Amino acid sequence: MHGSDRRVAPPRKVSTGPRQLVRKKRKPPNHHIRVVVVRFLLIAALVAAGLKLVQVQGFEAEALAAKAERQRMTEIDLPAHRGSILDRNGMELAFSVESRTLAFRPKAQRKDIDTYNENLEKDESDAKPLNFDTETENMARYMAAKLGGVVSKGELLGKLRKDTNFVYLAHNVEPALAREIQDKYPSVILEYRAEREYPGKTTAANIIGVANWRTEDRDATKHDLHGLAGLESLRDNQLAGKAGRQEVATELGDDGVFIPGTKRVWPAVDGSDLELTIDADLQYFLQQSLADYVATSQARGGSAVIMDAKNGEVYALANDKTFDPSATTGWNRDSMGNPAVGNMYEPGSVNKVVTALCAISQNVTSPLDVHQVEDSIQVSDRTIRDAWDHGTLPLTTTGIFAKSSNVGTLMLAQKCGQDEYAELLKKLGLGARTGVGLSGESPGSVPPRGQWSGSTFGNLPIGQGLAMTVLQMAGMYQALANDGVRVPPRAVAAVITPEGERIPEPKPTPVRVVDAKTAKTVRDMFRAVVQKAPNKNSGTGVPAALTGYQIAGKTGTAQQFDKAVGRYSQEKYWITFAGILPADNPRFVVGIMLDQPKYVGGPPEGKSAAPLFHDIASHLAQTYNIPLSKEQTPYLPLLLP
């Protein structure tokens, strides 16, 4: 101890081994709590499963069963056959034929070939690997030969190797040929198509219109033939019918193996046929004759119509411009309309028939009454002149219309009265659509009676200040031909159901315009329009005369309003003619309009449509074996010595 009683602590020993931790003594586990928790979880799971079972088997059983049914059902579209369009003799103007479109999936085919080759390597098969370029080369060669050069091998090869998911290869392929190609190359996809055929090409195209295969709807089941213009569009619902469908249960849902007894069918309802009043042969003749005359007269355009004089049925309705609905491309929208019913114009002197009917029906005058007609007349603030210079002329009532005197016509109109004249315009159907049953019809234009100014009645009787279509113009003369009864025109005669039942279209309501005596008197007066006689007693429409037949009609020359100068033009005209064949026993009414022919410095055809009427009347007389008139047209004095 070195001089001290204090004891020194021994030095600490440093542990060289692992430190031993002193753990607290744990309590034994509570197995009871664990068992309770597990039991609770099991019970909750069973309750949830039970509830789900109740939901599935109770509340959702029907919906789930329906879903399972749909998953194993294959739906097959049953296309409806589009109805045909027929002329009055049963000739098909438009009908449908079934076809196929060939398609291909280039990217999918490349992938399938790659997968096939990979499987060959894995299986160490002796089969030769496929080559996409070789396969498509063979396909293009085979299909080009089968399709008869419709699509070249090079064009097909370019499509088959295109870097795209889907491509169309060929259209309008006959179903049997398409199946033959698919049997050879199953990777070729076939799509159902129906093609519309128009055997007459441009014949009646402005009436029929066109239908083509439409695919703009995202629902592929709605892809079908639909009308684009004309009756094909206007009557699309009747022509198209309603597609059906067939559902068949399959073993695996998509393997195509049908389970017997599971087929359910909702049959397609085919479209109905339309029977027109049009005569296809006459329609072709009128189109050709009009187009030739428009070219000869150097006109901007023209329209013409031939109607039944008694019932108003339209036998032919033509425009100089048309289109070919059988072509798949190159349609000109301007040529697809129907100006004969859609374009209105000022009729000019053809409208003088209204004054004639009014004057005779009101007993204002008689055919041989003489009127002292000067070369001009004042109506309110306007001075109206005749088309030719003359002094005071002793014209008969017949002569006023046969010579087409504006002054004489206005003299008679003033005696007739404005209210009576306005009522006649209405009865003749002017200012309202005829209801012919064709698309794009114009109502024309007639100023309301309450809006007439002082000079209005100086315009209307001579065919200015109002507008009409060539169909409306012909309709006025149909009333004249039918003893004063106007029958609104119709172009569709009947609907023929898929079962073959012919259902006539509703008959139009006839309108009594004037009494039969008045109509016959005016009709007889208008025979003098085509009269050729000495001493200035010839009418304005002599070229319209047809040997052996009495012809009644009226020429028209209407100045076109020139907006650039704010007045009626001295060079731009509408040339019109309306005529009845034969006048003594009317069978047909013909209306013609030429738009801006070469009136000044042009050929004779540029000043009159009477020669065209003659050609049409001659064709009608021969085609329909119209009996000759019983007697020659009597001479009617127009101008007294």
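Me: Where is the place of Gln531?

Reply: This is a predicted model, and in it Gln531 sits in the loop between helix H19 (516–525) and strand S21.

Me: Is Gln531 buried or exposed?

Reply: Burial is judged from relative accessible area, with under 20% taken as buried. Gln531 has a relative accessible area of 10%, and therefore counts as buried.

Me: Which residues is Gln531 in contact with, leaving aside its neighbours within four places in sequence?

Reply: On that reading Gln531 is in contact with Asn537, Ser538, Gly539 and Val542, and also with Pro634, Tyr635, Leu636 and Leu638. Its side chain reaches two backbone atoms in this group: the oxygen of Asn537 at 2.8 Å, and the nitrogen of Leu636 at 2.8 Å. As for the course of the backbone here, the C-alpha atoms of Gln531 and Gly541 are separated by 7.6 Å, although these residues are ten apart along the chain.

Me: Strand S21 was named above; what is the order of the strands in its sheet?

Reply: Strands of a sheet pair through backbone hydrogen bonds, and the pairing can be parallel or antiparallel. In this structure the sheet is open and has five strands in the order S12-S11-S23-S22-S21, paired in antiparallel fashion. Strand S12 (314–319) and strand S21 (552–562) are the edge strands, and because each has a single partner strand, one side of each is left without a neighbour in the sheet. On average, neighbouring strands of this sheet are turned by 10 degrees against each other when direction is ignored.

Me: How many bridges join S21 to strand S22?

Reply: Ten bridges join S21 to S22 (residues 567–581), and the two strands run antiparallel. One pair to look for in the model is Asp562, which stands opposite Arg567 in S22.

Me: Which helix lies across S11, S12 and S23?

Reply: That is helix H10 (residues 280–296), which lies across strand S11 (301–308), S12 and strand S23 (588–595), and which runs at about 30 degrees to S12.

Me: Going back to strand S21, what does the side chain of Thr555 make a polar contact with?

Reply: Thr555 has its place in strand S21, and its side chain makes a polar contact with the side chain of Thr540 at 2.6 Å. Thr555 is buried, with a relative accessible area of 10%. Leaving aside neighbours within four places in sequence, its contacts include Ser349, Val350, Val529 and Gly541, together with Thr576 and Phe577.

Me: Which residues have the most contacts inside the largest nonpolar core?

Reply: The largest nonpolar core has 89 residues, and those with the most contacts inside it are Leu317, Val353, Met476, Tyr477 and Phe526. Helix H18 (residues 470–481) gives the most to this core, with nine residues. Val353, leaving aside its neighbours within four places in sequence, is in contact with Met476, Tyr477, Leu480, Val522 and Phe526. Apart from this core lies another, of 35 residues, among them Ala304, Ala318, Ile575 and Leu594.

Me: Which cysteines form a disulfide, and how far apart are their sulfur atoms?

Reply: A disulfide is a covalent bond between the sulfur atoms of two cysteines. The structure holds one disulfide, formed by Cys358 and Cys416, whose sulfur atoms are 1.5 Å apart in the model. Cys358 lies in helix H13 (residues 352–361) and Cys416 in helix H15 (residues 406–416), so the pair ties together parts that are 58 residues apart in sequence. Both Cys358 and Cys416 are buried.

Technical notes:
Residues numbered from 1 in each chain as written. Predicted model: local features only at pLDDT ≥ 70, side-chain atom pairs only at ≥ 80, totals over all residues. Heavy atoms only, no water. Pairing = 2+ DSSP bridges. Helix = DSSP H or I, 4+ residues; strand = E, 2+ residues; numbered from the N terminus. Axes fitted to C-alpha atoms, helices over the stretch in contact; angles between N-to-C directions. Contact = heavy atoms within 4.5 Å. Buried < 20%, exposed > 50% of the residue type's maximum accessible area, 1.4 Å probe, protein only. Polar contact = N/O pair within 3.5 Å; in protein donor to acceptor, adjacent residues only side chain to side chain. Disulfide = S-S within 2.5 Å. Core = buried A, V, L, I, M, F, W, Y, C linked by side-chain atoms within 4.5 Å.
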